[in-house]
Amino acid sequence: MKIPEPRGPITSTLFRALTCTPGSDDGAAAVEDLRLLATPKAYKDIIGDDDVQLALFCLYELHYSGLEGVSDEWEWEPGLIHLRRLMERPFEAALRAAAASAAGEINVPPAAELTSDAVADILFGLAASDTGPSVSRFVAKKATLDQLQEFLIHKSIYQLKEADPHTWAIPRLTGRPKAALVEIQADEYGGGRPERMHSALFARTMRGLDMDDQYGAYVDAVPAVSLAAVNMMSLFGLNRRLRGAITGHLALYEMTSSQPNRLYGNGFRRHGFDAEVTRYFDEHVEADAVHEQIAGRDLAGGLVEAEPGLLADVLFGATAAMAIDGRMSTHLLASWENGVTSLRAAVPAAA
Ligand SMILES: [Fe+2]
Ligand SMILES: [Fe+2]
C-alpha cells in the first residue's frame with residue numbers, strides 16, 4: 001500500500017523517516033526526532049487517536065506487505081520497534097479496560113473442570129451475550145448504496161488481508177490448537193485455490209461495486225477506531241505472550257460471523273447485486289458455522305486445556321473484539337441514522 005496522509009506529529013515524523021534510507025544521515029535524524037516524540041504519555045482515548053492508530057497501522061504494515069517506496073530494512077529498525085512498543089503498551093491497557101467493561105459477569109469453572117468444551121461454552125455464551133448495535137440488520141434492511149460502499153471501505157482495511165494477523169500465532173502454538181488454527185486458515189486462504197481466498201472474494205465484492213480493491217486504497221478514509229480494530233489483531237498476533245488473546249479473538253470472530261454475513265448478503269441482494277458480489281458473505285455463512293466449532297473447542301479450548309493460565313487472555317481477546325467492534329458499530333449506525341458519512345470528513349493535506 002501507499003504511505004497514507006499523516007494525521008499528526010507522530011505520523012508525519014514517521015513517514016518522513018520511512019522515505020529515507022535506513023542508516024542514512026536523514027534517516028538517523030528522523031529516527032532521533034521520533035525518539036523525542038515517543039515519550040511515554042497518558043492518552044485520553046488512544047483507541048480513537050488518529051495519529052497513534054495510523055502510526056501503529058503503518059508500523060505493523062512493515063511486517064505484512066510493506067509500504068510502497070519504503071525500504072524493507074525499516075522492518076526491524078530498533079528506533080521503530082521502540083516507538084511501536086511505546087504506543088502498544090497504553091493501547092493494550094486501553095483494550096484491557098474496554099474489554100473489562102464489555103465482558104459483564106463471566107462464570108469460570110474451577111481449573112480442574114476447564115476442559116476444551118467448557119472453554120468453548122464460555123466463549124459461545126460471550127458471543128451470545130453481545131447484544132450491541134447491529135450493523136448487519138441495518139445493512140440488510142436500510143443501507144443505501146453509498147452506505148454499502150462505506151461499509152466495504154471500513155471492512156476493507158482488514159478483509160483485504162483477512163486471516164493474516166491470526167497466522168502469526170501458528171508457530172507460537174503446538175499440538176491440537178496449532179492443527180486447529182491451520183485447518184481454519186487453510187479455508188481462509190482458499191484451500192489451495194487463490195481465487196477462493198477470502199481476501200480475494202472480498203476484493204471481488206468491491207469490484208462489483210466499482211470500488212478500488214487494492215490493499216490499503218481507503219486507509220485515508222477510515223477513522224481511528226477502524227484502524228484500531230486491525231491493530232488489535234496485529235498486537236495480539238505479533239506478541240507471543242498474547243497467544244491466548246489472538247485465539248480468543250479468532251474464536252469470537254468465527255462465532256459472530258455466520259448470521260451477520262447472511263444479513264450482509266441480503267443487503268447487497270436488496271440492491272440487486274448477484275451471487276458474484278455476495279459470494280464473500282455467502283461463503284462465510286457456510287464456512288464459519290464450521291470454523292466456530294473448531295475455533296472454540298480445538299483452538300481456544302485446546303490451548304486452555306494445555307495451558308490453563310491462558311484462559312484470562314483468551315477471554316480478553318474475545319471481549320476486546322466485542323468491545324472494539326461494538327464501538328465501530330455504534331459509530332457507523334450513529335452516523336447513518338443521522339444521515340452523515342461514517343468516514344473521515346476531510347483527509348488532511350500532507351504536512
Ligand atoms: Fe473468512
Ligand atoms: Fe472463518
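## Helix α10

Helix α10 (residues 198-208) is mostly covered, with eight of its eleven residues buried. This is a predicted model. The buried residues of α10 are H198, S199, L201, F202, A203, R204, T205 and M206. Their cover includes α7 (145-159), α9 and α14.

## Positive phi values

Most residues other than glycine have a negative phi. Two loop residues depart from that pattern here.

D210 comes just after α10. Its place is the loop between α10 and α11 (224-238). Phi of D210 is near 55°, a positive value in a residue other than glycine. D210 counts as exposed, because its relative accessibility is 77% and the cut-off for exposed is over 50%.

A163 sits in the loop between α7 and α8 (164-167). Phi of A163 is near 85°, again positive in a residue other than glycine. A163 counts as buried, at 2% relative accessibility.

## The iron site

Which residues coordinate the iron ion (ligand 2)? The donors are E188 (OE), E254 (OE), E254 (OE), D288 (OD) and H291 (ND1). They lie at 2.1 to 2.6 Å. E254 appears twice in that list, each time through OE. In sequence, the donor residues are spaced E-x65-E-x33-D-x2-H.

A second iron ion (ligand 1) is 3.9 Å from the iron ion (ligand 2). E188 coordinates both ions. The pair links distant parts of the chain. E188 belongs to helix α9 (residues 175-188) and H291 to helix α14 (residues 275-306), 103 residues apart.

Are E188 and H291 buried or exposed? E188 is buried, with a relative accessible area of 5%. H291 is buried too, at 0% relative accessibility. Both values fall under 20%, so both residues meet the cut-off for buried. The helices that carry these two donors, α9 and α14, are also among those that cover the buried residues of α10.

## Packing of α5 and α15

Two packed helices are described by the angle between their axes and the distance between the axes. For helix α5 (residues 116-129) and helix α15 (residues 311-337), the angle is about 20° and the axes are 11 Å apart. The angle is under 35 degrees, so α5 is roughly parallel to α15. Their crossing is right-handed.

On the α5 side, the contact is made by V119, I122, L123, L126 and S129. On the α15 side, the residues are L311, V314, L315, A318, T319 and M322. By class, the contact has nine nonpolar residues, two polar and no charged ones.

Key
Residues numbered from 1 in each chain as written. Chains lettered and ligands numbered in written order. Predicted model: local features only at pLDDT ≥ 70, side-chain atom pairs only at ≥ 80, totals over all residues. Heavy atoms only, no water. Axes fitted to C-alpha atoms, helices over the stretch in contact; angles between N-to-C directions. Helix = DSSP H or I, 4+ residues; strand = E, 2+ residues; numbered from the N terminus. Parallel < 35°, antiparallel > 145°, perpendicular 65-115°, else oblique. Left-handed = near helix turned anticlockwise from the far one by under 90°. Contact = heavy atoms within 4.5 Å. Nonpolar A, V, L, I, M, F, W, Y, C, P; charged D, E, K, R; others polar. Donors = N, O, S within 2.8 Å, 3.2 Å for Na, K, Ca; no water. Buried < 20%, exposed > 50% of the residue type's maximum accessible area, 1.4 Å probe, protein only.
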